[in-house]
Amino acid sequence: MNQPLLRIRGVRKQYGSRLVLRSIDLDVAEHQVVCLIGGSGSGKSTLLRCVDLLEVVDDGTIHLGDSELTDPRLDPDTARRRIGIVFQAYNLFPHLSVLDNITLAPRRAHGVPRKRAEEEARELLSRFGLADKAKEHPDRLSGGQQQRAAIARALATRPELLLFDEITSALDPELVGEVLDVVEDLKQGGLTILMATHEMGFARHVADQVCFLENGVIVEQGSAQDVLTAPREQATQRFLARVLERS
Amino acid sequence: MDLGKTTADTAKATMDTAKAAMPPPPTHTSPDDTYHSSDHEQARKRFRRARKRRHTWISSLCTLLGLVALGTAAVASPGWERVDSLFLDGAEFRAALPDLLRGFWLNIQMFLIAEVLILVLGLLIALIRVTRAPGLQPLRLAATVYVDVFRGVPTLLLVFLVGFGLPALRLQGTPSQPWVLGVIALVLSYAAYVGEVLRAGLNSVHPAQRNAARALGLGERQTLRYVVLPQAVRNVLPPLLNDFIALQKDTALVAVLGPLEALRAAQIKADYDFNYTPYLGAALLFIAVTIPLTRFADRLQRRAAQRTWAETGR
């Protein structure tokens, strides 16, 4: 029973006549960090949204552990409770304090008593350097702080799998580092992470596996070293050259 | 480097990357002809179809049972026979219908005229209330007082006040037809509501939009006309329509001044025959117009919700 935690097989997604994902096969083993790279419109975000059941796949299967997420009989809410997702735009609830943002799901969706939820939330916050921000509302936080709070919120429900969708793309360059440090910290803690990112340096440093997507197909897949330093495919080489040129 | 140039450069750069991100549409962007969905997907589709059928069955069955229960309760009530003869008299309905329709035509006319005036007056009030020019302070104050007063007074009371008060002033040129006076009262009342709705709309447009327009060199007025106002109206279209649905019904309040609109016509007929069926007929006429409007407002609301969802969902 040593199969990967997340198993994506033949996933296809199209919006009208636009084919966004063609036939995606991807495994994420437990305690692994897998980075999805590729230009905008390559299908990275859509793939993450399919895994979190925010989109209905048009073909193929996605398994998390023993259950098939793409089974229509499955209650999507139950499945989503096992997955944490963080978006590019933070999406913190503006009307709640940081602490309440984090404790909302544990308390309401998982039935954790208030006291314990808050204790755990404070633990997460101090781990992410936000201990003094617990009572603040999101609008009083910097982008980096908001994104760290959003990660803490995703972690609060103890998900088996974390999905990060370009979580540093909306941040100022000097704030990117503080968020990526948190992600690296999570990897050390043994979490399983599937993330779409534009931070090639980070991917090379932290990812166990890197997938390059183009036009809804995984063009190249392998260890971070292989894909990012010595890509085999021309498309990957072109993409990397373009990205490096820009930075 | 001046600001205008940077904006233009960034815009160009964005366009370039967009182009770069989507290389010349390769053949596999379009759905492939060779694709056949897997057995798994077909089983999934079958299951979803079956579930949908089941849900349709359950919802129709529940609706039917609910209607039957309501109908039985009404018919079984002790006073049903009296109600049936007083409110549901077919002959009476047919006899009253021509008068009701003639009356209702006046309702529609009042509604259409009032609607245009309300939009103009409401927009004026909203614009006055959101400007910050110091010279307009008296106007702003007047607009605020206007909204406070006319939103506070019950519409029916206003119809009385205008309908009997305005002619009593004996001013030169004041209209005397009761339906015109009624329309004036409705406009005064609803312009206050609509003004507030539009003001909320104007405030709902993100400041960044205004800044972006000003940065492009549009003047204050152009910014309002081409950038802020269109978005504001789009944002508040559903509540605006809601107000107009209410207005459509409230044209019946003018009946107290005596013009022969639908409610007044029904009243006359009902008093003459001691039968209330004409009232029900008038109600049906109003519903016939408000229901399509309500559905339309619903659709707009759904579309607006989808749009905001699309903006934040990414």
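Colleague: How much area do domain 1 and domain 2 of chain A bury between them?
Modeller: In this predicted model, domain 1 of chain A and domain 2 of chain A bury about 1,100 Å² between them. Of that area, 67% is on carbon and sulfur atoms.

Colleague: Which three residues supply the most on the domain 1 side?
Modeller: A:Arg81, A:Glu178 and A:Val182. Together they supply 39% of the area that domain 1 of chain A buries against domain 2 of chain A, more than any other three residues.

Colleague: Back up a bit. Where does each domain run?
Modeller: The assignment gives domain 1 of chain A as 6-82 + 160-246, and domain 2 as 94-158. Their C-alpha centres lie 25 Å apart.

Colleague: And how many residues are in contact?
Modeller: 13 residues of domain 1 of chain A are in contact with 14 residues of domain 2 of chain A.

Colleague: How many salt bridges between the two?
Modeller: Two. As for A:Glu178, this residue forms a salt bridge with A:Arg148, with the closest N and O atoms 2.7 Å apart. There are also three residue pairs in polar contact between the domains.

Colleague: Which elements give two or more residues to the domain 1 side?
Modeller: β7 (161-165) and α6 (173-188) of chain A. α6(A) gives the most, with six residues.

Colleague: What is the mix of nonpolar, polar and charged there?
Modeller: On the side of domain 1 of chain A that touches domain 2, nine residues are nonpolar and four are charged. No polar residues are found on that side.

Methods: Residues are numbered from 1 along each chain as its sequence is written. Chains are lettered from A and ligands numbered from 1 in the order in which they are written. This is a predicted model: local features need pLDDT of at least 70, side-chain atom pairs count only at pLDDT 80 or more; totals for chains, interfaces and linings use all residues. Side-chain values use heavy atoms; hydrogens and water are left out. Domain bounds come from an automatic or database domain assignment. Contact means heavy atoms within 4.5 Å. Buried area is the accessible area (1.4 Å probe) that two parts lose on being put together, summed over both. A salt bridge is a side-chain nitrogen of Lys or Arg within 4 Å of a carboxyl oxygen of Asp or Glu. A polar contact is a pair of N or O atoms within 3.5 Å; within protein, one must be able to donate a hydrogen and the other to accept it, and residues adjacent in sequence count only if both atoms are side-chain atoms. Helices (H or I, at least four residues) and strands (E, at least two) are DSSP runs, numbered from the N terminus. Ala, Val, Leu, Ile, Met, Phe, Trp, Tyr, Cys and Pro count as nonpolar, Asp, Glu, Lys and Arg as charged, and the others, Gly among them, as polar.
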